[in-house]
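Here is a short briefing to read with the structure open beside you. Take a moment to look it over, and then we can walk through it together.

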2 protein chains.
Amino acid sequence: MGEQVKFLLDEDDIPTAWYNIQADLPTPLPPVIHPGTGEPIGPDDLAPLFPMELIGQEVSQERWIDIPDAIRDVYRLWRPTPLFRARRLEAALDTPARIFYKYEGVSPAGSHKPNTAVAQAYYNKAEGVQGLATETGAGQWGSALAMACSFFDLPCDVYMVRVSYDQKPYRRNLIESFGAQVSPSPSERTQAGRNVLADDPDSPGSLGIAISEAVETAATSGGTVKYSLGSVLNHVLMHQTVIGLEAQKQFEQAGAYPDVVIGCAGGGSNFAGFALPFVRDNIVDGKQTRIVAVEPSACPTLTKGQYVYDFGDTAMTTPLIKMYTLGHSFIPAPVHAGGLRYHGMAPIVCALLDQGLIEARAVPQNPVFEAAMTFARTEAIMPAPEASHAIRAAIDEALACRESGEQKTIAFNLCGHGHFDMSAYDAYLSGQLPDFEYSQQDVDRALGELPSVGASAS
Amino acid sequence: MGEQVKFLLDEDDIPTAWYNIQADLPTPLPPVIHPGTGEPIGPDDLAPLFPMELIGQEVSQERWIDIPDAIRDVYRLWRPTPLFRARRLEAALDTPARIFYKYEGVSPAGSHKPNTAVAQAYYNKAEGVQGLATETGAGQWGSALAMACSFFDLPCDVYMVRVSYDQKPYRRNLIESFGAQVSPSPSERTQAGRNVLADDPDSPGSLGIAISEAVETAATSGGTVKYSLGSVLNHVLMHQTVIGLEAQKQFEQAGAYPDVVIGCAGGGSNFAGFALPFVRDNIVDGKQTRIVAVEPSACPTLTKGQYVYDFGDTAMTTPLIKMYTLGHSFIPAPVHAGGLRYHGMAPIVCALLDQGLIEARAVPQNPVFEAAMTFARTEAIMPAPEASHAIRAAIDEALACRESGEQKTIAFNLCGHGHFDMSAYDAYLSGQLPDFEYSQQDVDRALGELPSVGASAS
């Protein structure tokens, strides 16, 4: 046989603490602002929605937060995840570069999402919460939280965007199989849903509406039900750092260290989970690894957005967050099939870009799907369309090495498989995916509608 | 954390030889009969369809057949596969039994099928074959062979039953993503297809028709294209023994040895791949492990069929094989969603049952899907409906231990995940799956139509 391709760790190697980059940021994160008062929000503002432990983690300045054994005990159903050396991809590209990828698709829900879902379910259960409410689009986050709740015997209430509920039943079936309740959103169960249905009984729904329904369910529960979010927030990104921490041990095993670290970025959690431990090495140990966030040209938050205060949701119900944003009214082009559709980005990722600690690039979707095909035919894993953005960037780096002759070590996070996203591949393979670039003009127009507190606070 | 749940091996632990049970069978396999002459077939009869190395393996009496490095080199993209201790399932069942499962769903195609697909692609390529033709129903085998062919740069021609081609595009997309050509069957590309279309231009197709098209494509290629089959044949079962051989090493690691070994059986290859090394321990080392093949009540080949000579396909184009059979004209009830639909069974599995070396039982589909849900909510893997037959039997064994207080060690093969089979779960979750039992009367009527050579040769 040839050389080793999988670098595996023992269950005992699952990290015992999450890494909190807030302890090492050269400049602290800007405060989150209450839209009514214009003042920074405090724990009391968040208490109706989140358990105190997660509110504490959100603002903690501790470098390491211990992972409770009960969480590691669930993690080990699929963790540590493998780090692969992509020898067949390297050969196909005829590159002198070494390409590694961390594969999070081995998790029960097929993505990195359970890393935080399990933690959130655990802390809510520990504080006596009796159920979690959340929203989901195509169902990736919903299935992760449903799975996590099943382990802690916690009822899970998922509002699923109606058009996905009707047209993509398979992830809904997965959520139901894990024992959660799934409601098509807009629903008759909330005031927010009823309002929408009164205007348009055939509304296809949107992630914004589903968020409003989940938040209302928690906020009106008298404290028995809390709300759960799958990306963007600081504690969510921190839970994901198990990815990068494991990868660092695996690189030691492989006798390598990356020159370039790549992740796709939608809300920012898989990118951050993989990249933050390497960012730390740059900040603390003086390493000079390039850290690259990759986003779709159709939703170019980091590359065309502005770093200002904006709402986290389209319905303007969240606090104001300083982040790169395309404006909370942003709606991605209907032809965009690659996911990563969020108008904003995790504040930690935005601060890193603003402080020059990471890079960002945008890629159009046809080259992304083309990269996915190259990857599938060499490494034999059908990647999630989101993850394929990272593959595209990694392949481009490797092709540049072929030109330059450099033997760089390239690492990316393969955040999930595409088994439930085959409709996107169906569209690509039948030639129905035009490339689409969201223009700077569109961005500027949307940003003109931003709340004024944003301008003053920034 | 609690006790270990995953037993992993290094890439170096991938077996270096397949186990050929023909060397250890107390009674040799009955010959395969040419339907025209009534005489045993020889290598020349098979040469138009298969490469000589595989024809040799089909009849070999050697106990161990070396696995070429080039095959092990592909295997290690996902092998060794994990052996799991199902601690959460055990706890949910409140059983003193220990339950282990070998998980083949980590393969690129999501099942055990690539174990033989890679071997077949390799040997064909090595003998200068320029392409492989095969049939596929819902696409599980087609995706495995397409993946395997992509590694050896071998064109792959897949005839996919038209109703699946049209209604289940996702596995077709997967096959296409691996670079294979997919034709809906019946097609205009073969005489067999054209004949069917002349009678019925809207024919939904069948596996039998697709086999005829693939065989014709190979047989009329002048030797450039061969045919590939994903189950039933002796060499296919032998390639699958990597599953059981790895599992035996992993049981050593776990300090355990199974009292009961369970696999689901359709054509017989995943069951045999897992079970044969344990059957050997019974035959050669005097172990007394119970070996259980589980099939659907809707297709009760081993439990209600007769051990006689029959055709391997519905179109009566194959040689006559002595096997348990429901008759080659058998068509499973349309309401049956659990797979494992073959009217016959691998001759090796049939001989083992006939010689009293294994047991067989049939289970109805609603209890099977119920077991799948229990498994998903405890072990967090969404199993393939086929694999869920093994889960049902394992759970029943564990529940019997709860009654008796016995601390048995139960092992089953989880031969694949259900990510591409969610329509079956959709039907189950919406209560649309009646149980169906194929009656002994139906079996007897179908067996009345068997070729006479069967009666005399048996």
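Which residue of chain A comes closest to the rotation axis? The residue to look for is A:His419, whose C-alpha lies 3.1 Å from that axis. Please keep in mind that this is a predicted model. The points below start with how the two chains are related, move on to where they meet, and end with one residue inside chain A.

**How the two copies are related**

- A turn of 180 degrees, with a shift of 0.0 Å along the axis, lays chain A on chain B with an RMSD of 0.0 Å.
- This turn and shift are the relation of a two-fold axis.
- Both copies use the same surface, as 100% of the contact residues of chain A recur in chain B.

**The interface between chain A and chain B**

- On the chain A side 47 residues are in contact with chain B, and they meet 47 residues of chain B.
- Together the two chains bury about 4300 Å², and carbon and sulfur atoms account for 57% of this area.
- The interface of chain A and chain B holds 4 salt bridges.
- If you would like one salt bridge to find on screen, try B:Asp73 with A:Arg88, where the closest N and O atoms are 3.4 Å apart.
- There are also 22 residue pairs in polar contact across this interface, counting pairs with both residues at pLDDT 80 or more.

**What chain A brings to the interface**

- Five helices may help you find your way: α3 (69-75), α6 (140-151), α8 (169-177), α16 (365-379) and α18 (422-429) of chain A each give two or more residues to the side that touches chain B.
- The largest share of that side comes from α8(A), with 7 residues.
- Sorted by class, the side of chain A that touches chain B has 23 nonpolar, 14 charged and 10 polar residues.

**A closer look at A:Thr95**

- You will find A:Thr95 in the loop that runs between α4 (87-93) and β5 (98-103) of chain A.
- Is A:Thr95 buried or exposed? A:Thr95 counts as buried because its relative accessibility is 12%, and the cut-off for buried is under 20%.
- The side chain of A:Thr95 reaches the backbone oxygen of A:Ala398 at a distance of 2.8 Å.
- Leaving aside residues up to four places away in sequence, A:Thr95 touches A:Glu90, A:Ala398, A:Cys401 and A:Arg402.
- A:Ala398 is thus a handy residue to display with A:Thr95, being one of the residues it touches and the one that offers the backbone oxygen.

Definitions and conventions:
Residues are numbered from 1 along each chain as its sequence is written. Chains are lettered from A and ligands numbered from 1 in the order in which they are written. This is a predicted model: local features need pLDDT of at least 70, side-chain atom pairs count only at pLDDT 80 or more; totals for chains, interfaces and linings use all residues. Side-chain values use heavy atoms; hydrogens and water are left out. Contact means heavy atoms within 4.5 Å. Buried area is the accessible area (1.4 Å probe) that two parts lose on being put together, summed over both. A salt bridge is a side-chain nitrogen of Lys or Arg within 4 Å of a carboxyl oxygen of Asp or Glu. A polar contact is a pair of N or O atoms within 3.5 Å; within protein, one must be able to donate a hydrogen and the other to accept it, and residues adjacent in sequence count only if both atoms are side-chain atoms. Helices (H or I, at least four residues) and strands (E, at least two) are DSSP runs, numbered from the N terminus. Ala, Val, Leu, Ile, Met, Phe, Trp, Tyr, Cys and Pro count as nonpolar, Asp, Glu, Lys and Arg as charged, and the others, Gly among them, as polar. Buried means under 20% relative accessible area, exposed over 50%, partly exposed in between (1.4 Å probe, protein chains only). Copies are superposed by least squares on the C-alpha atoms of residues with pLDDT of at least 70 in both.
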